[in-house]
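Please open the model in a viewer and keep the selection panel at hand. The tour below proceeds from the contact between two chains to one chain considered by itself.

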Amino acid sequence: MNLLGKSLLELKKLVEKKELSLEEVWDYFLQRIEKYNSKMNIFLTVVRSRKGLPIAIKDNFCTRGIRTTASSKILENFIPPYESTVTKRLIENEFYPIGKTNMDAWAHGSSTETSDFGPTRNPWDLSRSPGGSSGGSAAAIAAYLSPAAIGSETAGSIRQPAAWSGVIGLKPTYGRVSRYGLIAMASSLDCPGPLTLTVEDAAYLLQVIAGKDEYDATSLSQSVDDYLKEMKTKKKFVIGIADDYFENVDEEILEAVQKVIKIIRNLGHKIKKIKLISPKYAISVYTIIQRSEVSSNLSRYDGIRYGRNRDFFGAEAKRRIMLGTFALSHGYFEAYYKKAVKARQLIIDDYKKVFHEIDLIFAPTTPVTALKLGEFEKYPFFGEMMDVLNEPAAIAGLPAINLPIGLDKNFMPIGGQIIGPWLKEADILNLAYQIEKETNFFNVINQGLKKWQ
Amino acid sequence: MAINYDLKNYRPVIGLEIHVELKTKSKMFCQCSADYFGKKANTNVCPVCLGLPGALPVPNKKAIEWTILIGKALNCKINLVSKFDRKHYFYPDLPKGYQISQYDQPFCQNGFLDIYPEKSDNLEIALKERKRFRIRRVHLEEDTGKLIHQGNETLINFNRSGVPLVEIVTEPDFSSSLEVKRFLEELQIVLRYLNVSDCDMEKGTMRLEPNISVRKILNSNHPIPSRLPSYKVEVKNINSFRFVKQAIDYEIKRQIEVLEKGENPRQETRGFDEKKGITYSQRLKEEAQDYRYFPDPDIPPIIFENEDIDLIKVPQLPWENLINLVKNFSLRYIDAFILTRDFNLLNYFLNLTNEIKKRRIKELITIEDLHQKIANLIINKKTIIELNFDEVINKIKDAFIVSPIDEGLLEKVVKKVIINNSKAVSDYHSGKENALMFLTGQVMKETKGKVKAIKVIEKLKTILSNK
Amino acid sequence: MKSKKNKKVKFLLSDVFHLARLAQLKLTDEEAEKYRLQLEETLNYVDNLNELNTDRLEEEVYLNLKNVFFEDGKKNERIFNINDLIGKKRQDKKYFSVKRIL
Ligand SMILES: [Mg+2]
Ligand SMILES: [Zn+2]
């Protein structure tokens, strides 16, 4: 049986019907990893669990007994003595890690180039970045070295690599999925989520990992929807389109987005223009809050109890620690951190207002498609600029999903995103599923897989 | 150490920072045991209190309730909206590089503690003489690990890391070491009444950091300038009330000497050397610490309703009991004061008197100053509280119920002994205490021990003095 | 470090070293100069927040997220052996250690 491109749920069904053994599944993916991993540097650690179905895990989730580095030299030899809640729930549902995926060190970046263990390459074009920080997880799916993956997003780190690698990436509402055991980047923003080949897989994996966790005080106690069921009851939505989200976006991406908007309209949904606060303020809010929290969260790495000492921080981590330390320091706290927190509230209020008029927002995920490796170094806080379309929703804690919506002239994937109100993952998945059924994502995923037979 | 300095021109200004470990079952943000004492090093730890990557804190409800209880007992305003903040600094005993503490919205603020005099002729005078010391804040934080300095190494044990720690900060209202000592004793008693901490200085479950400065005044009649001195000296590592007194006295003397030379004492942190009874410079505070406080994003805010706060009940506190004992039990102030020093003594007294009332023991109830007598009994022999009520009630009967026959018999015997021992009697009159003991022994012998020594002595004294 | 409205933020090298000290980072002069420029650049960008009026904003509790506690005495399911952390090499040691600090 040719397994190439089979979704996680398809594999699950085949195994349940005994048309396929877990042994075969594991052999298949481990062989592919053997063959292709070195070309793209996707997995930092390969795990031969050979139990349950395999899933790729970003290397910032603590996995008991399995090396977890956050792609940093400091944690190069760190073996966690405990399991993150996300991986614990996966294991309880018979999904076992097949490997730990490369990422930007400490999740600082949007290209996987700040990894202390070398960049991951984009399966569509090895000279390009897969995006980041969950670049390894996105590439693992795009090259089908794993049927599905778990990533984490602070502001764009799931959606942007999903867009650049041509896969589906779901960032849930902040607090919907437990952060316990996820190596903290910016605690008020961090959010685990799935990267998959189908909308159904994303819904299914969210179902598995979502819900209140007694070990994460910021996890939400609201009940978890039955995503798979709710996804398939065809709903009609009012879709908001904000002009600010189309500024400075490449022409080819705009065209692809417009094409999807037309399809959405044809599916019977209403399109409505909305006005949102310019994303340029979200960049500032995000930069200040994220770096403040980073400077605090990275304080525990002193090399005494585990890992190496602070001299081993890479340039990007140091840069962020410096700014964060400044924003929290005496005399500047009010002007920077406090101001950013207030502006954040302003952005939240803005979304609240807008979601009275509309159900969901549709927008491009990124202003450009995958860049060549090395491009990032040339610009100041380039990551923040790359994630300009992801930051507003992230700082408001909103759920969103990236969908492949076409290819550009370089044959690189284009991503479009649906942003929804708090805890409305079911609606986001519902519309995504309708688009998937209607377009099969313009065959993007299948075309990508052709390279990696 | 003799204190010899002239306070005429100086007025000490002393404030206190007191840390108290709560005796909850669990630590502050994880389920490890808060009782770390005597455990093998680094066996009472988990990902949270060891600060592992990805670990998150969840607050212990009881620790929060107890902090509010302390605040209420100290007459504080309770903030309905509060939060935890991160306080950043690097030290090997601090696993996360920050301590979870409270900054601008502590659970409790602006309270006070009244200190009553130990001795007073009556309650009215005591109420007039009581001193009020203001409490600035009471907040909750987590304890650090413990360091052991050994050879070229400093070893770290994280068993204590994350134990709930309440910080009580006073206003700089103290002007002598004695005031400080009395305040601390009272605070310790209050916290033990609340049953939230052992407050054991030696074990380190109660820790003190006085900050001391001295300001010049023109003379003792001149009004004190309202501005505080420009510097402050903090003294650390003090583990008894006696030492805190010594340390403060030493500091006052040292600082006055500096001021006398026309210099300003340095703002610094000093340690205390118990053997020498002196303080020594630890680190200068030139570059003020910048703790970079900000709200801990891992912990949602804590928002109470007034009703929640009302549910946290403060038991009767020492001074309330003191007033009760004087007013309703007619105890002498000084005895009521002593009884209320120790929650166990007080309870025993209250329960015992209640029991006697309940059992309607006529011959006891009719004794006029029974309560004072019982109080004396307990105060003189504290171990009495280990006896059960039957035993102790018999003891009381023995001691205080005197039948008239016995009385007559006793007088007869006493007189006989006085006549038969004229040498001892004259010794007694010339001031030899032993003589009284000898005579008592003789009477005891004659009465075959049926009469209590106290009674005998009493009788002897009366008859001898009538002579 | 000066930031007046509409004025460029300026950093001194000594400011950078002060921050590095607070964060316990060792910087070379070269790194410090690089961070100095980047700090200025970033802070000048985020200055755009001053265009937003945030005076009358009330911070809200996010999705009713408040008062999350655990009950004292709850069973501890997370205790672990520190030898798992410090590795077999040092299994004889019960303590973590640093070079003597006092
Ligand atoms: Mg403290
Ligand atoms: Zn613990």
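Select chain A and chain B together; the model is a predicted one. Across their interface, 15 residue pairs are in polar contact, with both residues at pLDDT 80 or more. Next, highlight helix H9 (279-297) and helix H10 (315-328) of chain A: these are the elements that give two or more residues to the side of chain A that touches chain B. H9(A) supplies the largest share of that side, three residues. Colour the residues of this side by class, and 17 nonpolar, ten polar and seven charged residues appear.

Now display the side chains of A:Arg179 and B:Asp298, which form a salt bridge with an N to O distance of 3.0 Å. The rule finds one salt bridge across the interface of chain A and chain B.

Extend the selection to the full contact region. Here 34 residues of chain A are in contact with 30 residues of chain B. The two chains bury about 2,600 Å² between them, and 61% of this area lies on carbon and sulfur atoms. Select A:Ala217, A:Arg300 and A:Arg305: they supply 23% of the area that chain A buries against chain B, more than any other three residues.

Finally, hide chain A and view chain B. Its secondary structure comprises 15 helices and 16 strands, and its C-alpha trace spans about 85 × 55 × 50 Å along the principal axes. Of the 467 residues of chain B, 53% count as buried. Chain B exposes about 22,400 Å², of which carbon and sulfur atoms supply 49%. Among contacts in chain B between residues at least 6 apart in sequence, those joining residues at least 24 apart make up 71%.

Key
Residues numbered from 1 in each chain as written. Chains lettered and ligands numbered in written order. Predicted model: local features only at pLDDT ≥ 70, side-chain atom pairs only at ≥ 80, totals over all residues. Heavy atoms only, no water. Contact = heavy atoms within 4.5 Å. Buried area = accessible area lost by both parts, 1.4 Å probe. Salt bridge = Lys/Arg side-chain N within 4 Å of Asp/Glu carboxyl O. Polar contact = N/O pair within 3.5 Å; in protein donor to acceptor, adjacent residues only side chain to side chain. Helix = DSSP H or I, 4+ residues; strand = E, 2+ residues; numbered from the N terminus. Nonpolar A, V, L, I, M, F, W, Y, C, P; charged D, E, K, R; others polar. Buried < 20%, exposed > 50% of the residue type's maximum accessible area, 1.4 Å probe, protein only. Areas by Shrake-Rupley, 256 points an atom, 1.4 Å probe, with all protein chains shown as cover.
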